[in-house]
Amino acid sequence: MSEPITIPAHIENGSVQLDAPLPPDVERVEVLVHLKAPARVATGLDLIAFLDALPPGKRSKAELDAQLDAERASWSRR
């Protein structure tokens, strides 16, 4: 199995155009495409909407703080 190489390319009018020649010993070519992330993911709005949609919790701030303190204390004992 041969090692993959990267050949610079760009998209022009919907087609892939190579910016460098293919080496003479090329057996096959695969194209790897990187999609742009949707704007809603980049801004984190979906995460905020999800958190806002969660039902209210039943524990108090003091109870949550005590649980976090206990967890942090266990980290220092490891």
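Two strands pair if DSSP finds at least two bridges between them. Keep that in mind for the first stop on this predicted model. In β2, Q17 is the bridge partner of H10.

Now the two strands themselves. Strand β1 covers residues 9-12, and strand β2 covers residues 15-18. They pair in the antiparallel sense, over 4 bridges. Together β1 and β2 form a hairpin, with 2 residues between them. Look at N13 in that turn: its phi is positive, about 55°.

Next, the overall layout. The protein has 3 helices and 2 strands. Along the sequence the pattern reads β-β-α-α-α.

How much of the protein is buried? Of the 78 residues, 1% are buried. The protein exposes about 7,900 Å². Carbon and sulfur atoms supply 60% of that surface.

Part of the surface forms a nonpolar patch of about 900 Å². I11, V16, L18, L22, V26, V29, V31, V33 and L35 make it. Take V16 as one example. V16 sits in strand β2. Is V16 buried or partly exposed? It is partly exposed, because its relative accessible area is 47%, and partly exposed runs from 20% to 50%.

On to charges. Side chains of opposite charge can pair when their charged atoms come close. How many salt bridges does a search of the whole structure find? It finds 3. Let me take them in turn.

The R28 and E30 pair comes up first. Their side chains meet in a salt bridge, at 2.7 Å from N to O. R28 is exposed, with a relative accessible area of 58%. E30 is exposed too, at 60%.

Then K61 and D65. The closest N and O atoms of this salt bridge are 2.7 Å apart. Why are K61 and D65 separated by about one helical turn? Because they are 4 residues apart in helix α3, which spans residues 61-76. K61 counts as exposed, at 61% relative accessibility. D65 counts as partly exposed, at 31%.

Last of the set, D69 and R72. Their side chains meet in a salt bridge at 3.7 Å, N to O. Both D69 and R72 lie in helix α3. They are 3 residues apart, about one turn of the helix. D69 counts as partly exposed, with 48% relative accessibility. R72 is also partly exposed, with a relative accessible area of 47%.

Final stop: the largest pocket. About 1,000 Å³ of space lies in it. Which residues are closest to its centre? Of the 23 that line the largest pocket, they are I5, R28, V29, E30 and V31. We have met four of these names already. R28 and E30 are the salt-bridge pair, while V29 and V31 belong to the nonpolar patch.

What do the strands bring to this pocket? β1 and β2 each supply at least two residues of the lining. The largest share of the lining, 3 residues, comes from β1.

To recap, in order. There is a hairpin of β1 and β2, with H10 and Q17 as bridge partners. There is a nonpolar patch of about 900 Å². There are 3 salt bridges, among them K61 with D65 and D69 with R72. And there is a largest pocket with about 1,000 Å³ of space.

How values were computed: Residues numbered from 1 in each chain as written. Predicted model: local features only at pLDDT ≥ 70, side-chain atom pairs only at ≥ 80, totals over all residues. Heavy atoms only, no water. Buried < 20%, exposed > 50% of the residue type's maximum accessible area, 1.4 Å probe, protein only. Areas by Shrake-Rupley, 256 points an atom, 1.4 Å probe, with all protein chains shown as cover. Patch = residues over 30% accessible without salt bridge, like charges linked within 9 Å, V, L, I, M, F, W, Y side chains within 5 Å. Salt bridge = Lys/Arg side-chain N within 4 Å of Asp/Glu carboxyl O. 1 Å grid on protein atoms, 1.4 Å probe; cavity = no way out; pocket = protein on both sides within 12 Å on 5 of 7 lines; lining within 4 Å. Points joined across faces, edges and corners; volume = space filled by probe spheres on them.
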